[in-house]
Amino acid sequence: MQKKKLLAPLAALALVSTVLTVTQSAYAADSLLSQGRPALASSTENGESPAIAAVDGRSDTRWGSQWSDPQWLRVDLGATATITQVKLEWEAAYAKAFQIQTSPDGNTWTSIYSTTNATGGKQTLSVNGSGRYVRMYGTQRGTGYGYSLYEFQVYGTSTATPPPTDGPGYVYANPPVTGVVPSTATPPAQNPPVTHREFQANCSVSRTNLGDDPIVFPNLPGASHSHTFMGNRTTNAATTLASLQAGTTSCITPGDKTGYWMPTLLNGTTAVQPDGPQVIYYKSGVIDYTSVRPFPPGLRYVVGSPSSTIDEFRNHPGAVEGFECGDLTRQWDIPANCVAGSQLNVRLQAPSCWDGIHLDTPDHKSHMAYPIVGVCPADHPVAVPMIEFKMAWPVSGNMANVHFASGRGYSFHYDVFNAWDPAVLAALVRHCINGGLQCNPRGFDQYKPDRGAALNENYELP
C-alpha cells in the first residue's frame with residue numbers, strides 16, 4: 001500500500017539505466033513534455049514523496065499525497081502546448097475518480113478527461129487540449145490512503161523553441177566535468193553511525209544596502225534592489241572571480257572568499273542587518289555523500305526567486321520550514337507578530353547537482369538542479385555541496401512593516417559566487433561531507449573528536 005517504502009533508490013543496478021534516460025526532447029510532435037519540468041502538488045505525504053518525483057522518468061520514486069480528497073498534482077510545461085496523451089503509473093494507492101485539466105496560467109482550469117471508475121495501474125489516456133499547465137485532479141481515492149503516482153507523463157507539441165546552449169550569459173567551466181554517472185550507491189553503515197555530512201561557513205555581513213548584483217546585473221551598479229552581502233568584502237556590480245580571489249572576507253575561514261548576498265530586510269524604511277556570524281551550511285544533498293565534489297572556482301547561481309508566489313515558496317524544493325520566530329514555525333511569509341526579544345529566522349537550501357559544463361547560464365539556475373529523492377538527475381550528474389542559508393535578523397514585536405527589499409517574505413532568495421581557495425574547500429568536503437561528519441568551520445566534529453580536524457586553529461590548512 002502507500003505506506004510501503006520506496007524501492008531502495010539506489011540498490012538495484014537495473015535502476016541505473018532508468019536514471020540515465022531522464023532528458024528527452026520536448027519539441028518534436030507528440031514528445032514527452034513533462035519530464036524534468038517544475039511540479040507542484042496540493043500536499044505531500046512525507047519527505048520521500050515530492051511532486052517532482054512523478055516527472056523524473058524513474059519508476060522507483062513517487063509523489064504521494066495526504067489521505068484526503070481532493071488532491072492534485074500539477075506540472076508546468078514552460079510554454080503553451082497542444083496535449084494529445086497523458087500516461088499515469090499509479091502505486092497501489094490510486095485515484096478512482098479524477099480529471100486531467102489544463103490551464104494557461106495555473107489558475108483557470110479546463111477538464112480534458114474525466115473518469116469515476118478508474119482502477120489504477122498504468123493508464124494511457126488519449127486527450128485533446130492545450131495549456132502551459134497540466135494537472136491530475138483527484139476527487140475520490142481508490143483506497144483508504146492518498147494518491148500516489150510513480151509517473152505522470154504529458155505528451156504533445158510545445159510552442160517553445162529549443163533553449164540555446166551557447167551565447168551571452170553562458171560561462172563555461174574549464175575544464176568541464178564529463179562522463180559522470182549519478183551515483184546510485186548507499187554508503188555502508190559506520191560505527192558510530194553517520195548522522196550528518198556537513199561543515200559550516202560562519203560569515204558576517206561584509207557590505208550593506210547596496211543595489212548591486214554581479215550575477216543578475218553584471219557591471220550595472222544600482223540596477224538591483226538592495227542587497228546585504230556576506231563573505232567577500234569587495235563584492236559589487238563589477239565582481240569577477242579574479243576580483244573575489246584578490247579580496248578579503250568576513251568569513252571565519254580565510255580561504256572562503258565567496259560572495260554571498262540576499263535582499264536587504266527592512267522594517268519600514270530602516271534596514272535590519274543580521275547580527276554577528278551567520279550560519280551557511282555546506283551539506284550533502286544526495287544519499288551517496290561520498291560522491292560529493294567541491295565547487296569549481298567561479299561557479300555562481302541564484303537560489304529562490306524574488307518573483308515567487310507564496311505557494312511556490314512553500315513548495316520550493318529548497319524550502320526548510322519557512323520563517324520562524326519565538327514559538328512560530330513553518331510560516332511561509334514573515335509573521336505579523338514575533339514575541340518581543342525574539343529574532344526572525346529563515347532557512348533555504350540550494351540545488352546541489354551541477355551539469356558539469358556551465359559556471360553560469362542566462363537564467364542563473366539551469367546549470368544547477370535539485371536531487372530527486374537523493375539522486376542527481378542524469379542531465380545534472382555532478383553532486384556538489386548543498387548550501388543552506390540559516391539567517392537570523394534581530395527584529396521582533398509588530399512585524400507589519402517588515403519586508404525584504406525584493407518584496408514579501410516569500411520573495412526571499414540568495415546568490416552564491418564561489419571563490420573558495422580550492423585546496424581548503426577540497427579538504428573540508430573530503431573530511432566532513434565525504435567523511436560523514438558534523439563539522440564546525442575548522443572541519444572538527446565535536447561528537448567524533450578522534451577524527452581530528454581538516455584545518456588548524458587559524459582555520460587554515462595545516
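1. In this predicted model, Asp76 has Tyr133 of strand 7 standing opposite. The strands concerned are strand 4, residues 71-90, and strand 7, residues 122-141, which pair in the antiparallel sense over 14 bridges.

2. Strand 7 is also joined to strand 5 (residues 95-103), by eight bridges, and these two run antiparallel. Here Gln101 has Arg135 in strand 7 as its bridge partner.

3. A separate point concerns an open sheet. Five strands form this sheet, ordered 11-12-13-29-17, with antiparallel pairing. The edges are taken by strand 11 (205-210) and strand 17 (300-304); each has a single partner strand, so one side of each is left without a neighbour in the sheet. From one strand to the next, the twist averages 15°.

4. Strand 29 (residues 413-417) pairs with strand 17 in the antiparallel sense over five bridges. Within this pairing, Val302 stands opposite Asp415, and Gly304 stands opposite His413.

5. Strand 29 is also joined to strand 13 (residues 259-263), through three bridges, again with the strands running antiparallel. Gly259 is placed opposite Phe417 of strand 29.

6. How many residues of strand 29 are buried? Five of the five are, so strand 29 is largely enclosed by the rest of the structure. The cut-off for buried is under 20% relative accessible area. Both faces of the strand are covered: one side carries His413, Asp415 and Phe417, the other Tyr414 and Val416, all of them buried. Asp415 and His413 thus appear twice in this note: as buried residues, and as the residues opposite Val302 and Gly304 respectively.

Note on methods
Residues numbered from 1 in each chain as written. Predicted model: local features only at pLDDT ≥ 70, side-chain atom pairs only at ≥ 80, totals over all residues. Heavy atoms only, no water. Pairing = 2+ DSSP bridges. Helix = DSSP H or I, 4+ residues; strand = E, 2+ residues; numbered from the N terminus. Axes fitted to C-alpha atoms, helices over the stretch in contact; angles between N-to-C directions. Buried < 20%, exposed > 50% of the residue type's maximum accessible area, 1.4 Å probe, protein only.
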